[in-house]
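Student: Please take a close look at the strands of this model and at the residues on and around them. I would like one connected account, with the reasoning spelled out.

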Amino acid sequence: IRCPGTAEKINFYTVFRTVFFCNDPEKERPLLRLAVSGNQATTVNGKLADSGQYTDFPAHKKFNERDLSPFCRTGENFLEIAVYFSGNAFTSHYDGSPGLIAEIVSASGTLLAASSGAWKCAEDLRYASGDMPKLSSSLNYTFDFDAAKENGKEVPAEVLDGIQLRRGTLSCHPQEEDMIVELKQCLLIVVMILLKRIKKIH
């Protein structure tokens with residue numbers, strides 16, 4: 001899923017929200033499986049549950065798993081995932097398309113929630129978006145935050161098709177063949193950046 005109207009945007013922040021239910025968090029042990037394009041920070045009932053950056057190789061997209069039981073309560077639980085998407089290639093981030101895919105399953109395999117058009121989303125307008133000065137070729141854009149502003153209007157998420165995920169990025173190890181592909185792609189990005197700098201020197 002993604003926030004409507006953001007397909008062509010760069011350097012922006014989006015917040016996704018949904019609700020899921022647990023009868024007994026300790027027994028159900030809800031597990032979040034999540035992948036985003038860029039960086040994410042996940043909160044459950046207002047408490048930070050997970051955060052990190054994902055390797056954005058579109059052909060080899062990965063997902064991470066996180067046990068949410070320490071943050072859940074009996075009954076209704078509020079999930080919020082804040083996502084940053086750069087929309088440009090850096091040595092620390094491969095360019096891709098904005099989006100999020102997630103599901104929450106119990107220890108018995110029961111699906112408690114899954115990303116869909118029922119999720120709500122909004123652009124976080126407290127952060128300046130669009131083209132901005134870059135810190136470096138590896139450290140991404142600078143940012144400007146205005147606490148006096150509010151999030152954009154909350155709307156239903158737009159559903160995307162054709163996304164395939166593989167396990168592992170932050171807490172799981174990719175398969176060896178995936179690591180080789182990712183290493184080759186990283187080297188390619190480094191070579192492209194070096195060639196650009198050589199051209200500037202000449």
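Tutor: Two strands count as paired if DSSP finds at least two bridges between them. Keep in mind that the model is predicted.

Start with strand S7, residues 100-105, which has partners in S2 and S8. Strand S2, residues 31-36, pairs with S7 in the antiparallel sense over 6 bridges. One residue to find in that pairing is Leu32, whose bridge partner in S7 is Ile104. S7 also pairs with strand S8, residues 111-114, again in the antiparallel sense, and here there are 3 bridges. Next to Ile104 in the numbering is Val105, and the bridge partner of Val105 in S8 is Leu111. S7 and S8 form a hairpin with 5 residues between the strands. Which phi does Gly109 take in this hairpin? The value is positive, near 95 degrees.

Positive phi also turns up in residues that are not glycine. Most residues other than glycine have a negative phi, so the next two are worth finding. Asn11 has a phi near 50 degrees and sits in the segment before strand S1, which covers 12-22. Is Asn11 buried or exposed? Its relative accessibility is 1%, so Asn11 counts as buried. Asn45 has a positive phi of about 55 degrees. This residue is in the loop between strand S3 (39-44) and strand S4 (47-53). Asn45 counts as buried too, because its relative accessibility is 18% and the limit for buried is under 20%.

S1, S3 and S4 belong to an open sheet of 6 strands. Read across the sheet, the order is S4-S3-S6-S1-S9-S12, and the pairing is antiparallel. Which strands stand at the edges? They are S4 and S12; each has a single partner strand, so one side of each is left without a neighbour in the sheet. At the S12 edge, S9 and S12 pair in the antiparallel sense over 2 bridges. Within that pairing, Cys121 has Val155 of S12 as its bridge partner.

Cys121 leads to the cysteines. How many disulfides are there? The count is 0. A disulfide needs two cysteine sulfur atoms within 2.5 Å. The sulfur of Cys3 has its closest cysteine sulfur in Cys121, at 3.4 Å, which is too far for a bond. Cys3 is buried, because its relative accessible area is 5%. For Cys22 the closest cysteine sulfur is in Cys72, and the 4.5 Å between them is also too far for a bond. Cys22 is buried as well, with a relative accessible area of 1%.

Now look at a surface feature. Val19, Phe21 and Phe78 form a nonpolar patch, and together they have about 280 Å² of accessible area. Phe78 is in strand S6, residues 75-85. Its relative accessible area is 40%, so Phe78 is partly exposed.

Last come the aromatic rings. There are 5 aromatic pairs in the count. In one of them, the ring centres of Tyr13 and Tyr127 are 3.9 Å apart and the planes are at 15 degrees, so this pair is stacked. The pair joins distant parts of the chain, 114 residues apart: Tyr13 is in strand S1, whereas Tyr127 is in the loop between strand S9 (120-123) and strand S10 (134-136). Tyr13 counts as buried at 17% relative accessibility, while Tyr127 is partly exposed at 24%.

Tyr127 has another ring partner, Phe143. Their centres are 6.3 Å apart and their planes at 55 degrees, so this pair is tilted. Phe143 lies in the loop between strand S11 (140-141) and strand S12 (155-156), so its pair with Tyr127 ties together parts that are 16 residues apart in sequence. Is Phe143 buried or exposed? With a relative accessible area of 58%, Phe143 is exposed. Ring pairs join Tyr13, Tyr127 and Phe143 with Tyr84 and Phe145 in one cluster.

Technical notes: Residues numbered from 1 in each chain as written. Predicted model: local features only at pLDDT ≥ 70, side-chain atom pairs only at ≥ 80, totals over all residues. Heavy atoms only, no water. Helix = DSSP H or I, 4+ residues; strand = E, 2+ residues; numbered from the N terminus. Buried < 20%, exposed > 50% of the residue type's maximum accessible area, 1.4 Å probe, protein only. Patch = residues over 30% accessible without salt bridge, like charges linked within 9 Å, V, L, I, M, F, W, Y side chains within 5 Å. Areas by Shrake-Rupley, 256 points an atom, 1.4 Å probe, with all protein chains shown as cover. Salt bridge = Lys/Arg side-chain N within 4 Å of Asp/Glu carboxyl O. Phe/Tyr/Trp six-rings, centres within 6.5 Å; stacked < 30°, edge-to-face > 60°.
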